[in-house]
Amino acid sequence: MNKLVYADNAATTKVSESVLNAMLPYFSENYGNASSLYPHGQNSKKAINAARVPIAQLINADPSEIFFTGSGTESDNMVIRGVLNSVAAKNKGRNHVITTKIEHPAILRTCEAMAKQGFEITYLNVDSNGVISLEELENAITEKTALISIMAANNEIGSIQPLKEIGEIAKKHNVLFHTDAVQALGHMHIDVQEMNISLMSLSAHKIHGPKGVGAIYIKKNVFPDPIITGGGQERNRRSGTENVPGIVGFGQAAQDMIDHMEEDNAHTAKLSKRLMEGLLEIKKSVLTGHPTNRLPGTCSFAFEAIEGESMILMLGMKGICASTGSACSTGSLDPSHVLMAIGLTHQNAHGSLRLSISKYTTEEDVEYIIESVKEVVAKLRAMSPVWHE
Amino acid sequence: MYSEKVMDHFTNPRNVGALEGANAIGEVGNLKCGDIMKIYMKIENDVITDVTFQTFGCGAAVATSSMATEMIKGKTIEEAMKLTNKAVMEALDGLPPVKVHCSVLAEQAVKAALANYYEAQGIDPVSILGEIPCAGDCEDCHVHDAI
């Protein structure tokens with residue numbers, strides 16, 4: 001098997017050539033510690049600060065509001081733990097967080113950990129398209145609410161949340177609004193000012209940057225407690241010697257997004273449309289997530305009477321990389337929490353398939369994927385005791 | 001994650017499909033847990049002359065069903081009754097711990113088919129086979145994951 005058709009860009013992306021080239025000198029030549037005062041160190045510091053600029057520009061923030069972390073997960077932890085701890089320290093009454101049932105585990109598991117410490121968490125429902133109800137959100141706010149944390153777009157089904165309207169509600173009730181935009185960055189319009197966002201989690205490796213680098217946008221005058229303490233890097237927000245090559249790579253990836261966002265998203269949207277058309281020709285197949293208001297490259301489906309892991313294995317043998325939310329993939333008895341939250345039956349959720357494409361995906365790739373998925377679905381249905389036409 | 005044998009049986013499953021003229025059919029598992037196995041047998045003079053399966057499930061579920069049918073084809077009922085999930089697993093060169101329940105399901109599917117055979121003849125299968133543990137409750141099966 002030599003063919004490789006990578007259709008799992010929501011899991012991670014290929015590091016682009018421009019990003020790799022930008023990073024390389026910071027491994028072997030410009031390796032100084034950014035905290036050192038001599039020029040060799042200060043060059044690293046300059047590179048880090050330069051990387052903040054395009055990231056800030058992508059979300060209409062000020063570069064001083066961007067802080068680098070080790071991952072999107074770390075950024076999410078920093079928000080939930082950091083905000084609650086700082087609020088708890090200052091104002092013991094504010095112990096409530098509102099989030100959703102479809103957040104990434106980085107938010108959900110962290111909320112659960114905070115619940116064990118006595119904080120109260122409200123998990124908002126979503127409709128069958130995977131979108132929250134603004135009314136339910138507003139009704140959930142109490143005088144104890146410290147934070148609203150709602151993802152910008154979902155990693156499994158691509159549905160986009162009404163960030164601007166959520167921001168207005170947060171502002172009206174004087175509550176901090178955090179959005180996990182790890183999956184959304186560069187793929188949809190995000191403006192922290194227009195959307196009244198106070199905190200945002202970001203990650204490099206979803207936009208053709210390197211793994212192991214995340215960032216957090218923290219609005220001026222918002223001070224979550226740091227969760228990693230030490231040498232005081234990142235203006236005391238996140239200690240630990242900076243991952244300079246990674247940060248430089250993140251900056252370059254963000255710059256590439258600024259330069260090519262429109263054409264890249266138009267390309268993925270066009271290919272996604274063809275992919276959806278092609279796969280929805282399969283009998284008893286459904287598109288999961290919002291039919292239109294979704295990330296341009298994230299296509300998610302459910303096929304009746306077959307199981308997702310089997311699909312992934314068979315597609316893998318054909319060189320296609322994809323993912324599923326079936327129970328077998330989650331390592332538990334239940335299929336993905338997202339697919340359950342949008343009301344899929346167990347049967348459909350077990351037969352879920354996510355194909356996420358990028359600027360590197362070609363038309364030929366898409367045709368090959370359509371043909372292969374059709375073949376695999378037919379093969380698995382032929383051996384399924386629950387398949388009836 | 002899977003052994004070569006598992007991948008072989010998943011990719012080229014043996015004895016797939018419904019079996020015409022089957023006189024013993026057993027189905028275990030449910031849609032909630034994501035695995036359903038159905039085994040069809042043709043039994044003549046206490047010998048399983050033919051056996052096939054249909055499975056809705058993951059790679060391990062398909063492979064264990066396939067292997068189980070191979071292991072009991074041509075065997076007597078008595079021999080098939082002795083098929084254990086452990087033997088199926090060993091024949092597949094092992095399974096990841098989270099997939100052990102698939103082999104349990106395969107053993108149960110064989111027993112369910114044999115139970116069906118006895119029932120059709122008016123014989124209480126429990127007296128011969130004991131209880132078939134899968135009553136559609138996933139927890140029954142996943143308890144075996146601890147093995």
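**Entry 1, between the chains.** I looked for salt bridges across the interface of chain A and chain B, and the rule finds one in what is a predicted model. In this salt bridge the side chains of B:Lys99 and A:Glu309 meet at 2.5 Å, N to O. I then looked up which elements give two or more residues to the side of chain A that touches chain B, and these are α9, α10 (327-330), α12 (346-350) and α13 (363-382) of chain A. With five residues, α9(A) gives the most to that side, whose residues I could divide into 12 nonpolar, five polar and four charged.

For the interface as a whole, I noted that 21 residues of chain A are in contact with 25 residues of chain B, and that the area buried between the two chains is about 1,900 Å², 70% of it from carbon and sulfur atoms.

**Entry 2, A:Ser310.** I picked out A:Ser310, which is found in helix α9 (residues 308-317) of chain A, and it counts as buried because its relative accessibility is 1%. Among the residues that A:Ser310 touches I found A:Leu380 of its own chain, and B:Phe10, B:Cys58 and B:Val62 of chain B.

**Entry 3, helix α7 of chain A.** In α7 (residues 163-172) I listed A:Leu163, A:Ile166, A:Gly167, A:Ile169 and A:Ala170 as buried. They lie on the same side of α7(A), because they cover an arc of only 160° around the axis. On the other side of α7(A), I found A:Lys171 and A:Lys172 exposed. The cover over the buried residues includes α6 (134-140), β5 (145-149) and β6 (176-180) of chain A. After α7(A) comes A:Asn174, for which I noted a positive phi, near 60°.

Key
Residues numbered from 1 in each chain as written. Chains lettered and ligands numbered in written order. Predicted model: local features only at pLDDT ≥ 70, side-chain atom pairs only at ≥ 80, totals over all residues. Heavy atoms only, no water. Buried < 20%, exposed > 50% of the residue type's maximum accessible area, 1.4 Å probe, protein only. Helix = DSSP H or I, 4+ residues; strand = E, 2+ residues; numbered from the N terminus. Arc of directions from axis to C-beta. Contact = heavy atoms within 4.5 Å. Buried area = accessible area lost by both parts, 1.4 Å probe. Salt bridge = Lys/Arg side-chain N within 4 Å of Asp/Glu carboxyl O. Nonpolar A, V, L, I, M, F, W, Y, C, P; charged D, E, K, R; others polar. Lists of a residue's contacts leave out its neighbours within four places in sequence.
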